[in-house]
Structures are given as structure tokens and as C-alpha cells.
Amino acid sequence: MRYHLAGLVGVVMLAAPAAAQAPAQLNDLEMAHAAVTASAIDIAYAHLALAFSENPAVREFAETMIRDHSAVNGQVAALARRLNVQAQDNAFSRQLLAQAADTKDDLSRLRGAEFDRAYVENEVAYHRAVNGVVADAFIPNVENAEVRQAFEGALGIFRAHQQHAEQLAQRVARGR
Amino acid sequence: MRIIAALFAFAACGAPGSRDVAIREFAYQPPVLHAASGDTIVWTNQDIVPHTVTFEGLDRPDSVAAGATWRLVVPASDTLRYWCRYHPAMTGVVVVD
């Protein structure tokens with residue numbers, strides 16, 4: 001059975017169902033919550049990779065995802081403390097978590113090269129989707145200048161991750 | 001006065017110098033750095049995520065935390081290539097003049 005994880009993530013992120021808010025309609029604190037949630041999800045995916053992958057390049061990528069997304073979330077938390085605000089939970093964040101739970105279940109059933117391919121393909125699709133939301137929905141609509149600057153910095157990081165995932169996907173497809 | 005000028009000229013030509021590389025926006029800036037043997041290169045990580053400065057065959061800690069610096073005294077060599085182990089697209093070169 002082939003798991004089409006990438007498409008699932010892309011559809012969820014770009015066409016939020018009626019029960020969830022559209023990303024562009026979130027306020028600054030809700031956007032911050034969604035961004036932290038998206039990073040936490042990728043950290044969780046990375047922990048799966050460390051549990052199930054024996055491919056050194058995949059494991060190194062997963063460790064980088066943990067390091068970098070933890071740093072992004074730390075920056076958001078520090079900014080929130082300085083501004084004396086708290087990120088707000090919202091329907092969009094909850095939808096992300098629900099879909100991520102399904103993706104983790106699917107990934108957890110795989111092993112070996114099949115896991116590696118599915119994990120990396122999901123990383124490519126996930127970062128593409130997240131980058132689209134941050135670039136097209138969050139940054140143009142965020143009100144606070146410091147929050148916008150934080151999103152712009154995070155987008156640079158996430159784009160580097162996408163590039164890394166794309167190169168890794170080619171390598172994994174060649175069986176390396 | 002001529003002796004002082006000569007001493008400055010000697011210092012400019014002979015004394016080891018310091019060179020700076022910024023690690024910023026997932027790139028080493030400048031990506032190609034010219035330095036002399038004996039110079040000290042200082043890498044400063046201006047990103048919020050950790051990077052590495054990794055040279056082939058150099059057995060020492062290479063991780064550079066956000067806001068931290070990493071130093072290398074340039075050996076007698078030709079061209080030294082380095083990269084970030086965490087982010088493989090990041091590469092740099094030191095051309096030893």
C-alpha cells in the first residue's frame with residue numbers, strides 16, 4: 001500500500017475546511033499559535049524518523065528539524081514574553097494537529113526504505129504548504145511589525161528546510 | 001618619523017590579521033574569503049538556529065550556536081573548503097594567499 005501523505009498535507013493546509021478559520025483571517029496571536037503548532041508538528045515527525053529510520057542522511061535531517069524548529073518556537077515564545085501576550089489557540093491550529101495525528105499514524109506503520117520515502121516526501125509537501133501559508137496568508141496580514149519580522153525570519157528557515165528536503169528526497173529515491 | 005613609518009609598514013605586511021565571516025540567512029558571507037597563513041578567521045552566527053563550520057580533517061567541535069563565534073587560525077595551505085553539517089547547502093571557501 002502506498003501512502004499519499006504529501007497530498008493530504010497539502011490539501012489540508014491550503015484549503016481549510018469550513019469548520020476551521022482561513023489562515024489569512026487569523027489575528028496575530030492566532031497566527032503565532034498556528035506557527036508554533038506547525039513547528040511542533042514537524043518536530044514530532046522528526047522524532048518518528050529518529051525512531052524508525054536507519055538512513056544516516058534522513059536521521060541527520062530529522063535532527064536538524066528538531067534543532068531548528070525548537071529555535072523558532074523559542075524565538076516566538078521570547079517575543080510573546082517581551083510583548084506580554086500569549087499565543088491564542090484556534091480552529092486552524094486544531095485542524096493542523098488533527099491531520100498531523102493521522103499522518104503520524106500512517107508513518108508509524110512503515111519501516112525501512114518505505115518509511116524514509118514517505119517521511120521525506122511528507123517533509124517536502126509539508127514545508128511547501130507551510131511556506132505558502134506563511135508567505136501568502138500570515139506575512140501580508142499580520143499587524144504587529146515585530147511579529148511580521150519574526151515570520152519573515154522563520155520563512156527563510158523553512159525555505160532552507162524545503163530545499164534540504166527536496167535534495168534529500170532525490171537522494172532517498174536513488175536508494176542513498 | 002621614517003623609522004615609525006617603516007614599523008607600520010612592517011606591521012601591515014607581516015603581522016597576522018583577523019578576518020570576519022558572518023553566518024547569516026543560511027549562508028556564509030562572504031562565501032569566498034581570502035586570508036593569509038596565520039590570520040585568524042572569526043565566524044559569527046547571526047541566525048537564530050545553530051550551524052557548523054566543518055573542515056575536512058579538522059578534529060574539533062564545529063557547532064556554532066546562535067549568536068556565538070568560532071575561530072580558526074589559517075594554516076599554510078592552498079584552498080580550504082568548509083560546510084555546515086546541519087544545512088548541506090551552506091558551503092564556504094577560504095583561499096589562502
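The legends below accompany close-up views of a predicted model, beginning with the contact between chain A and chain B and ending with chain B itself.

**View 1. The contact between chain A and chain B.** In this predicted model, 10 residues of chain A and 8 residues of chain B take part in the contact. Between them the two chains bury about 880 Å², of which 69% lies on carbon and sulfur atoms. On the side of chain A, the residues that lose the most area to chain B are A:Arg67, A:Asp68 and A:Ile157, which together account for 42% of what that side buries.

**View 2. Polar pairing across the interface.** Between chain A and chain B, 2 residue pairs are in polar contact, with both pairs at pLDDT 80 or more, while the rule for salt bridges finds 0 across this interface.

**View 3. The elements of chain A that face chain B.** Two or more residues on the side of chain A that touches chain B are given by each of α3 (56-83) and α6 (145-173) of chain A, and α3(A) supplies the largest share, with 6 residues. By residue class, this side of chain A divides into 4 nonpolar, 4 polar and 2 charged residues.

**View 4. The fold of chain B.** Chain B contains 1 helix and 10 strands, and, read along the sequence, the helix precedes the strands in the pattern α-β-β-β-β-β-β-β-β-β-β. Among contacts in chain B between residues at least 6 apart in sequence, 47% link residues that are at least 24 apart.

**View 5. Burial and surface in chain B.** Of the 97 residues in chain B, 36% are buried, and the chain exposes about 5700 Å², with carbon and sulfur atoms supplying 60% of that area.

Conventions. Residues numbered from 1 in each chain as written. Chains lettered and ligands numbered in written order. Predicted model: local features only at pLDDT ≥ 70, side-chain atom pairs only at ≥ 80, totals over all residues. Heavy atoms only, no water. Contact = heavy atoms within 4.5 Å. Buried area = accessible area lost by both parts, 1.4 Å probe. Salt bridge = Lys/Arg side-chain N within 4 Å of Asp/Glu carboxyl O. Polar contact = N/O pair within 3.5 Å; in protein donor to acceptor, adjacent residues only side chain to side chain. Helix = DSSP H or I, 4+ residues; strand = E, 2+ residues; numbered from the N terminus. Nonpolar A, V, L, I, M, F, W, Y, C, P; charged D, E, K, R; others polar. Buried < 20%, exposed > 50% of the residue type's maximum accessible area, 1.4 Å probe, protein only. Areas by Shrake-Rupley, 256 points an atom, 1.4 Å probe, with all protein chains shown as cover.
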